[in-house]
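Trainee: I'm new to this one. Could you walk me through it, one piece at a time?

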Amino acid sequence: MTHKTKGIVLRTVKYGETSLIVAVYTELFGLQSYLVKGVRKSGKSAAGKISFFQPGAQLDMVVYLNPVKSIQFIREYGWSYVYKDVFFDVLKNAVAIYAVEMILHTIREPESNPELFYFIEQTLQYIDQSDAHHIANIPLVFSLQLAQIMGLQFHGVYQPETPILDLMDGRFIAQRPDHPYYMEGDDAQLTYAFMQIGSLDEAKNINLSRINRRSLLKCYQQFFSLHLENYIESKSYLILQTVLQ
């Protein structure tokens, strides 16, 4: 049986001499793996086809779904959104790949979650359409909002009475905990500021130094590591530490 669905490419792995196995986060079925045949053949037609399977690509697809199989098949595919800059601009690509890798490293089961799909879709399009100097904070907002969608959000309020953010408990508290996994000072205050924003565009209004941004990215990676079993730190996180000002 075939279904029409949007999908966001997360990762591709070479299969055989001419094919790919592609991890895609889909609108209807969540995380799925697809075998795409013949896209690595030599020639101009194949070169055009393989461009559809770059990490972050947004596709309209007609797919087969067999619930008893772990690898599905794509019958038809085309662009659902054509990027202007994301595949070519170094900074925008780094921010987009961070978002893609966060999904790849946090979502393990093939469960439908339209809210998460639309969040990823809108974030990638915002990155593409925005001025480069407006997207430096997007990895931070994306991390916090992804955690919230997954039920891992922080609780409480940053204030003089509760100035410490306990990463293990996920809560603002009064005193330092008896473990090293917590945030305080600028990191805790800025995190609370990011928790209050209602849209991606508001993130550009929060001024951070490069040191602040690096520290927050490190803390958020640590938070996911504490709460998700076998979480793998995003490789693009290290690239962001270099390219973000």
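Mentor: Sure, and keep in mind that this is a predicted model. A good place to begin is the largest nonpolar core, which has 76 residues. The members that touch the most others are Tyr 25, Phe 53, Ile 103, Leu 124 and Phe 194.

Trainee: Which element gives the most to this core?

Mentor: Nine residues of the core come from a single element, and that is the most any gives. The element runs over residues 90–106. So the top contributor, by the count of nine, is α2.

Trainee: Which residues does Phe 53 touch, leaving out those up to four places away in sequence?

Mentor: Phe 53 is among the core members that touch the most others. Leaving out those sequence neighbours, its contacts are Val 9, Thr 12, Leu 20, Val 22, Val 36, Val 39, Leu 59, Ile 74 and Tyr 77.

Trainee: How many residues of β2 are buried?

Mentor: β2 covers residues 19–26. The strand has eight residues and is mostly covered. The number buried is seven.

Trainee: Which residues stand opposite Ala 23 in the strands that pair with β2?

Mentor: Let's take the two sides in turn. β1 and β2 run antiparallel with eight bridges, and there Ala 23 faces Arg 11. β2 and β3 are antiparallel too, joined by seven bridges, and in β3 Ala 23 has Ser 33 as its bridge partner. The two names are Arg 11 and Ser 33.

Trainee: Which residue in the hairpin of β1 and β2 takes a positive phi?

Mentor: That hairpin has three residues between its strands, and the hairpin of β2 and β3 has three as well. In the β1 and β2 hairpin, the phi in question is near 65°, and the residue is Gly 16.

Trainee: Which residues are closest to the centre of the largest pocket?

Mentor: The pocket holds about 310 Å³ of space. β1, β2, β3 and α2 each give at least two residues to its lining. The lining has 19 residues, made up of ten nonpolar, six polar and three charged. Closest to the centre are Ala 23, Leu 31, Gln 32, Ser 33 and Arg 108.

Trainee: What is the order of the strands in the three-stranded open sheet?

Mentor: Begin with the edges: β7 (171–173) and β8 (182–183) each pair on one side only. β6 pairs with β7 over three bridges in the antiparallel sense, with Leu 165 facing Phe 172. The order is β7-β6-β8.

Trainee: Which elements do the buried residues of α5 pack against?

Mentor: α5 spans residues 185–195, and its buried residues are Asp 187, Ala 188, Leu 190, Thr 191, Tyr 192 and Phe 194. Phe 194 is also one of the core members with the most contacts to other members. The packing partners of α5's buried residues are α4, β6, β7, β8 and α6.

Trainee: Why does Asn 66 count as partly exposed?

Mentor: Asn 66 sits in the loop between β4 and β5. Buried means under 20% relative accessible area and exposed means over 50%. Asn 66 falls in between because its relative accessible area is 28%.

Trainee: Is Asp 89 buried, partly exposed or exposed?

Mentor: Asp 89 is in the loop between β5 and α2. Its relative accessibility is 27%, so Asp 89 counts as partly exposed.

Key
Residues numbered from 1 in each chain as written. Predicted model: local features only at pLDDT ≥ 70, side-chain atom pairs only at ≥ 80, totals over all residues. Heavy atoms only, no water. Helix = DSSP H or I, 4+ residues; strand = E, 2+ residues; numbered from the N terminus. Buried < 20%, exposed > 50% of the residue type's maximum accessible area, 1.4 Å probe, protein only. Pairing = 2+ DSSP bridges. 1 Å grid on protein atoms, 1.4 Å probe; cavity = no way out; pocket = protein on both sides within 12 Å on 5 of 7 lines; lining within 4 Å. Points joined across faces, edges and corners; volume = space filled by probe spheres on them. Nonpolar A, V, L, I, M, F, W, Y, C, P; charged D, E, K, R; others polar. Contact = heavy atoms within 4.5 Å. Core = buried A, V, L, I, M, F, W, Y, C linked by side-chain atoms within 4.5 Å.
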